[in-house]
Amino acid sequence: MTNKINVAVVAVSNKKEQGWIKCQTLGGKSWNDLGMHFDKDKFASTFATPGLFEIEYSSLTSIETGYTSYLVENATLIKAFATILKG
């Protein structure tokens, strides 16, 4: 099952096999930041710059550990922070 959300992506890492983004939900939906994994081959150019994104994601939960992680299924850049700051 995929979910869709608009987020502010504030950090991107490509250090491991899967990429990882750190993001914050918009509109006060969550006080916590989120981490999501992504396929680097598919999304490296999409997450080339921090900004506002519409993201479709799936939730991967391990019943054994109780650990939940999120995987980006689709992502669209709404607006880069550099563009917003230029006015």
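## Working through a five-stranded barrel

β4 and β5 run antiparallel and are joined by eleven bridges. Keep in mind that this is a predicted model. Grab the structure and try these.

**Exercise 1.** Work out in which order the strands close into a barrel, and find the bridge partner of Leu 60.

*Solution.* Start with the β4 and β5 pair, which is antiparallel. In general, strands of a sheet pair through backbone hydrogen bonds, either parallel or antiparallel. Next, trace the way round: five strands close up in the order β1-β2-β3-β5-β4, with mixed pairing. From one strand to the next, the twist averages 55°. Finally, zoom in on Leu 60: its bridge partner is Ser 69, in β5.

**Exercise 2.** Decide whether Ser 58 is buried or exposed, and find which side chain makes a polar contact with its side chain.

*Solution.* First, locate Ser 58: you'll find it in strand β4. Then check the accessibility. The cut-off for buried is under 20% relative accessible area, and Ser 58 counts as buried because its value is 9%. Now look for a polar partner: the side chain of Ser 58 makes a polar contact with that of Glu 73, at 2.6 Å. Last, list who else is around. Setting aside neighbours within four places in sequence, Ser 58 touches Met 1, Ser 69, Tyr 70, Leu 71 and Glu 73.

**Exercise 3.** Find which residues touch the most other members of the largest nonpolar core, and which strands supply at least two residues each.

*Solution.* This core has 14 residues, and the ones touching the most other members are Val 7, Val 9, Ile 21, Met 36, Phe 47, Ile 55 and Val 72. Then sort by strand: β1 (2–13), β2 (19–25), β3 (33–38), β4 (51–61) and β5 (68–80) each bring at least two residues to this core. Take Val 9 as a worked case. Beyond its neighbours within four places in sequence, its contacts include Ile 21, Phe 47, Ile 55 and Phe 81. As a general rule, nonpolar side chains in soluble globular proteins tend to be buried together.

**Exercise 4.** Work out which residues form one aromatic cluster, and describe the pairs that involve Phe 47 and its partners Phe 43 and Phe 53.

*Solution.* Searching the whole structure turns up four aromatic pairs. One of them is Phe 43 with Phe 47, tilted, 6.1 Å centre to centre with 45° between the planes. Phe 47 also pairs with Phe 53, again tilted, at 5.1 Å and 50°. For burial, Phe 43 has a relative accessible area of 3%, so it is buried; Phe 47 and Phe 53 are both buried too. Put it together and the cluster is Phe 38, Phe 43, Phe 47 and Phe 53.

Definitions and conventions. Residues numbered from 1 in each chain as written. Predicted model: local features only at pLDDT ≥ 70, side-chain atom pairs only at ≥ 80, totals over all residues. Heavy atoms only, no water. Core = buried A, V, L, I, M, F, W, Y, C linked by side-chain atoms within 4.5 Å. Buried < 20%, exposed > 50% of the residue type's maximum accessible area, 1.4 Å probe, protein only. Helix = DSSP H or I, 4+ residues; strand = E, 2+ residues; numbered from the N terminus. Contact = heavy atoms within 4.5 Å. Polar contact = N/O pair within 3.5 Å; in protein donor to acceptor, adjacent residues only side chain to side chain. Phe/Tyr/Trp six-rings, centres within 6.5 Å; stacked < 30°, edge-to-face > 60°. Pairing = 2+ DSSP bridges. Axes fitted to C-alpha atoms, helices over the stretch in contact; angles between N-to-C directions.
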